[in-house]
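Open the model in your viewer and switch to the cartoon view. The stops below say what to select and what to look for.

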Amino acid sequence: MAKRALRLACVALSILILRHHSEFQAFTGSVRAQTGSRISLRSVAETGLSQLAAVTTLSIDTGDLAIIKEYAETGLITDATTNPLFVSQAGLSGDPVYVAFVEDAIEYACGKVEGVDERVALAMDKLAVNLGVAISKLVTGYISTEVDPRLSFDKEETLRRARRIIALYEEAGVPRERVLIKLAATWEGIAAMAELEKEGITCNMTLVFGFVQAVAAAQYGARLISPFPGRVLDWHKRSSGKETWSPREDPGVVAVERIRHIGSV
């Protein structure tokens, strides 16, 4: 009965996360032309993707293992990032691989802690790590795993969950040097990041919508800062009523360009 209750709670939490993140679309792994036709992966690798890889490190943003494998095999993608949306999609997909991840996470949580709430929290962390461990076998660089975003304003609980995620990775044989803990760039998230970085736990600061957030994250030692140019553009569209900008004037692009030069200021 306890395992059944935990399974139902995990499903309910997954659905809640999916609804909360419904405005975001997972990366599909295929690039489509304006006509809607699929461009071959080879042509992508030989054009835009290879040009980007020549000047920066590319991280694929999905929880789909088949897509990650496909792009990693081009040699151009070295890192991967996940978030609660992708973990939830994996858990609800029905794919036997992901079902096994879920079952293992539930078994693990039931054997480690008491109480439905704590078991759900541990099972979700374990599920995220199970997915991350599988991804670590496909890419050679970092795997980003996000702390429950509902803890974005709770420094101490963020620290506890981040340390637990790292412990779960190390228990599975993945060293902390390959993991980026993904935290929201709130005041509490940045304060937690500062402590984690001192412990050798590297962090990816996400939900960055402005320059001040990025500066604070940089000043306190974040390994990676992830601005959201699309959401910045959305805000400007809503506030100004203007729908289109040239690439150089796009508010999201302008914000990222400014953030990119923080180190030289």
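The tour goes from the whole chain to one strand and its neighbours.

**The whole protein.** Keep everything selected. This is a predicted model. The protein has 12 helices and 8 strands. Its residues number 265, and 44% of them are buried. Now show the surface: about 14100 Å² is exposed, with 57% of that supplied by carbon and sulfur atoms. For the contacts, consider pairs of residues at least 6 apart in sequence; 60% of such contacts join residues at least 24 apart.

**Strand β4.** Select residues 77-81, which form strand β4. Is this strand largely enclosed or not, and why? Of the 5 residues in β4, 4 are buried, so the strand is largely enclosed by the rest of the structure. Here "buried" means under 20% relative accessible area.

**One neighbour: β3.** Add residues 58-61, strand β3. In which sense do β3 and β4 pair? The two are parallel, with 4 bridges between them. To find one matching position, select S59 and D79: S59 stands opposite D79 of β4.

**The link between them.** Next, select residues 65-72, helix α4. The chain leaves β3, passes through α4 and arrives at β4. This β-α-β crossover is right-handed.

**Another neighbour: β5.** Finally, select residues 143-146, strand β5. How many bridges join β4 to β5? There are 2, and these strands also run parallel. Select A80 and I143 to see a pair of bridge partners, with I143 lying in β5.

Note on methods. Residues are numbered from 1 along each chain as its sequence is written. This is a predicted model: local features need pLDDT of at least 70, side-chain atom pairs count only at pLDDT 80 or more; totals for chains, interfaces and linings use all residues. Side-chain values use heavy atoms; hydrogens and water are left out. Buried means under 20% relative accessible area, exposed over 50%, partly exposed in between (1.4 Å probe, protein chains only). Contact means heavy atoms within 4.5 Å. Accessible areas come from the Shrake-Rupley method with a 1.4 Å probe; for residues, only the protein chains shown count as cover. Two strands pair if DSSP finds at least two bridges between them. A crossover is right-handed if, with the strands pointing away from the viewer, the path from the first strand over the helix to the second runs clockwise.
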